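Visitor: I would like a close look at a single part of this assembly, taken slowly and with its surroundings. Please choose one chain and work outward from there.

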Amino acid sequence: MRHLLSTADLAKDDAVLLLDTAAQMAATQAREMKKLPTLRGRTVVNLFYEDSTRTRISFETAAKRLSADVINFSAKGSSVSKGESLKDTALTLHAMGADAVVVRHQASGAPHMLAHAGWLDAAVLNAGDGMHQHPTQALLDAFTIRRHLVGGGSDAGTEGTDLAGLRVAIVGDVLHSRVARSNVHLLHTLGAHVTLVAPPTLLPVGVETWPCDVSYHLDETIEQASPDAVMMLRVQRERMSGGAGGAFFPSAQEYSRKFGLGSQRLARLPRHAIVMHPGPMNRGLEISADAADHPRSVIVEQVANGIAVRMASLYLLLAGSDDAPDERTSL
Amino acid sequence: MTTTYILRGVRPLGGEPADVVLSGGQIAYVGAPGTAPRPATASPSGDPSVAGTAGPGSSSDTGTDVVEIDGGNRLVLLPGLVDLHTHLREPGREDAETVYSGTRAAAAGGFTAVHAMANTTPTQDTAGVVEQVWRLGRDAGWVDVRPVGAVTVGLGGERLAELGAMADSAAAVRVFSDDGKCVHDPVLMRRALEYVKAFDGVVAQHAQEPRLTEGAQMNEGVVSAEVGLAGWPAVAEESIIARDVLLAEHVGSRLHVCHLSTARSVEIVRWAKSRGVEVTAEVTPHHLLLTDERARSYDARFKVNPPLRTRADVEAVREGLADGTIDVVATDHAPHPVEDKDCEWAAAAFGMTGLETALSVVQATMVDTGRMSWADVARVLSQAPARIGRIDGGVQGHGRPLEVGEPANVTLVDPSRSRTVRGVEQVTASANTPLEGMELPGVVVATFLRGRATVLGGVPVGGELGRVGETEGVLL
Amino acid sequence: MSPSTALPGDRPSENPRGTTVLEAPDIARALTRIAHEITERNKGAADVVLLGIPTRGVPLARRLAERLAAVEPTYDPGAVGELDVTMYRDDLRRHPTRAVGATRIPGGGVDGRTVVLVDDVLFSGRTIRAALDALNDVGRPRAVQLAALVDRGHRELPIRADFVGKNLPTSRSERVSVRLTETDGEDAVTIGENVAAAGQTPGEGGMR
């Protein structure tokens, strides 16, 4: 495994190995002593062109728990905001001896450029690029689903298992969502059945070729697909304005009525179904406070699992030798 | 003193081999192989024995003014190519291209005339600026540069530029375009279509509905959905073309559609032509060859406006070109410096170079596939663009028949050779070719502008000095 | 692998894994003796926790636990677990990425107890060094002891075993292979020429 850029690149074995490794990482995080010496002497750079304190802290925590040195390189207050090109930044990181670059960028494909343009030889982890991919988010979602719906709330006995037969509904702004794209590929690879639920305006042209079902009606999906997990996507309020990139739906009230998850819809879900959200939430828009704080909501746990999944990703990218052939096919 | 060129065993328009003599700026002789007159007849000061004793494919001795080229009954002779859509970047972006470097690249690609698009800095929206570009082209001497005038001031889409002044200037502008921007205001478009009738001008529309393409990065479809780049719907192009052909019909003007790229655009133009609307259309080499699958690499060399489309669209534009719905192949040669392409896709500039590969792409996609003859190539790359640009007349004319007495604006192509495209090795000042590393058929061997060689042995020669340089004697 | 390197199967006259030095009954006797030595050294087994080092240390630890339970009534048969040392190794960068194994510490934990680490082959000592670090992160035992089925010498660190099934003089180029019913379908210890890629540490912790 050289880079982690897209869940579309992950074969099923790769994905299961990532989840299994994350389970072991999660076990170490239950100890009093949470720090492992594994990546001592290795340097991980968090290169964030977009504000995302949550994701950056999650990656930073993961790297530090593995004893890597962490350098935070954010667009604010650095030469990046003064117009330094991605290429020059990459050359700088290369000169600094970065072993891994965790990159968040508003431009789709920026991590792909970092990995393949020949600017630096570090491992590249995509921490979210434009409307493209956010693979560690999908991995932590899959990990959370596996723990609850395969392991019955624990990772014990889940080793080597996939998500075969599980039904997942992903609801909201699919068009602009890298989380949705990452999850559709990964959950499909792991054997789950995905239904995307959104108004037609918030689905991309071409979605019909994705390995999932598409529905315009949340109630219908709840009745007919009886999802085991419901993943609510963040809807940005500017999507309803008439300006550039707007006018996707008439009003917050209408969106919330048709696509929001409240206690009534929650009650119609199967009893074992879990409620997920990648955060940050718009309480009262795509999800009600009742649903967000419900016992079946695993939203807070997703955050904790994010650290384990990112530890696993860093471990699998950085712990082995660069030269020796990988035991498995590379990602 | 001018050089006389005896082209032995060349195939005019790909037909039967012939001998052709270029002398005094004109085609002086066309006849059966082996019948070309001795140099003495073409050049009174020459020694009749010189050309006769020179081996096939070699030039005469240094100091003489007769050059023989052996076409081996293989080289195809075409009227000099005419590009209706070139970005020369000067004035303003001399870091990407200059009139000199761009026209030299054009000559290397077999062109004898180019239409220089108006989106320079300052914009070619006044008589002063179009005359400047025209003079730069004339001084460079590689091809005839015909500036395109902006339709609206500063390409702003709000006020008509002084179209009449540009038409009356030394540059004698006949093609007007806001290319890069669409004249999207229907009233302005109507007025422009009407106004240019006074001087037989044409509006060349960059068809792009601006609201449907805000922030757009690539063709909207399966690939854009997956790679997460904002989609550029085909309908944003088609809706403007549909509106414009109806406007052109209503006001009885002629309309030219730039770089048409979708299957339905072809259908709309076909329909309009069937109604007798005076519309012409162009397609670029890259839209004849490449699809939006290329965007999966996030390599910004494939970022272009209009975007690369789907396989079905490529098939439709090929068909449209073959059946005459599309009149012209135009390069939309758009050079950019490295830093504008070696970056994130969304941050990169739109456009790709094309002057030096256009003929090869047309050969690969249309000739070698049996869809077009070399005579058709002459039509879409020379005669039709010259006619649309109104540079097809008189002693200086382009896109003329290959007949005695016609201006010697011709190109000699070897269709049997191929070459591998290397951006940095091209003559253009920029390396942003989408065809990097691709092997393409067809090599331009020689280009003649009014009888003067601008390219010999595949290499640009002479240039601004107006005479053939030291590489004249290269073996062909 | 260089063209001149012979594959095990190229020498049909020998056991492809080399000479068998311990057979199933030898292994059983060695484990029984080690179990007695553990109770002797610790004056019973009340506080003993057995931790096997994956892969083959884990079944060995279970077998020792059965024997301890049989001979020593103070031993808690549940006091056996496994200690994965992957993330503590000093040679991660020399190998392709290793899969991280599970660490299972018995319910009572290790604080204040006597931990006996169990491994199949003791060689350079580096795996045990990693195990001591891993154990340190799990808790604070009163004492740590080491049991190995085979000690083949060539120590690179100041580490020795407290309980050894068999001392086996070897050359560095030889490969000692422990096979157990639980993981390999048979019980045997063999010694042969190392035909694996040069530079790998044979016999100890490799090949998982």
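Guide: What follows is a connected account of chain B, from its overall form to one of its helices and then to its neighbours. The model is predicted, and the description should be read in that light.

Taken as a whole, chain B is built from 13 helices and 19 strands, and its C-alpha atoms fill a box of roughly 70 × 45 × 45 Å along the principal axes. For 476 residues a compact globule would be expected to have a radius of gyration near 23 Å, and because chain B comes to 22 Å, the two agree. Buried residues account for 60% of the 476 residues in chain B. Among contacts in chain B with a separation of 6 or more, 70% join residues that are 24 or more positions apart.

Within chain B, helix 12, which covers residues 358–367, deserves the closer look that you asked for. Of its 10 residues 9 are buried, so this helix is largely enclosed by the rest of the structure. The buried residues begin with the run B:Ala358, B:Leu359, B:Ser360, B:Val361, B:Val362, B:Gln363 and B:Ala364, and they also include B:Met366 and B:Val367.

Turning outward, 2 pairs of chains touch, and the pair formed by chains A and B has the most contacts. That contact draws 19 residues from chain B and 21 residues from chain A. On the chain B side, the largest share, 4 residues, is supplied by helix 7, at residues 222–227, and by class this side consists of 9 nonpolar, 5 polar and 5 charged residues. Chain B does not touch chain C, and the nearest C-alpha atoms of these two chains are 28 Å apart.

Chain A also meets chain C, in a contact that takes 19 residues from chain A and 15 residues from chain C; the chain C side has 8 nonpolar, 3 polar and 4 charged residues. In chain C, an unreviewed UniProt entry places the feature "domain: Phosphoribosyltransferase" at residues 20–164, a span that is 32% helix and 22% strand, with its end C-alpha atoms 18 Å apart.

A word of caution concerns the partner chain: chain A has a mean pLDDT of 92, with 93% of its residues at 70 or more, yet pLDDT stays under 50 over residues 324–331 of chain A, where the model has 20 contacts beyond four places in sequence. Where pLDDT is low, the predicted coordinates should not be read in detail.

Key
Residues numbered from 1 in each chain as written. Chains lettered and ligands numbered in written order. Predicted model: local features only at pLDDT ≥ 70, side-chain atom pairs only at ≥ 80, totals over all residues. pLDDT = per-residue confidence, 0-100. Contact = placed C-beta atoms within 7 Å. Helix = DSSP H or I, 4+ residues; strand = E, 2+ residues; numbered from the N terminus. Nonpolar A, V, L, I, M, F, W, Y, C, P; charged D, E, K, R; others polar. UniProt positions renumbered as here; feature names shortened; annotations may be inferred. Buried ≥ 20, exposed ≤ 12 C-beta atoms within 10 Å, placed from the backbone. Rg over C-alpha atoms; globule rule 2.2 N^0.38 Å.
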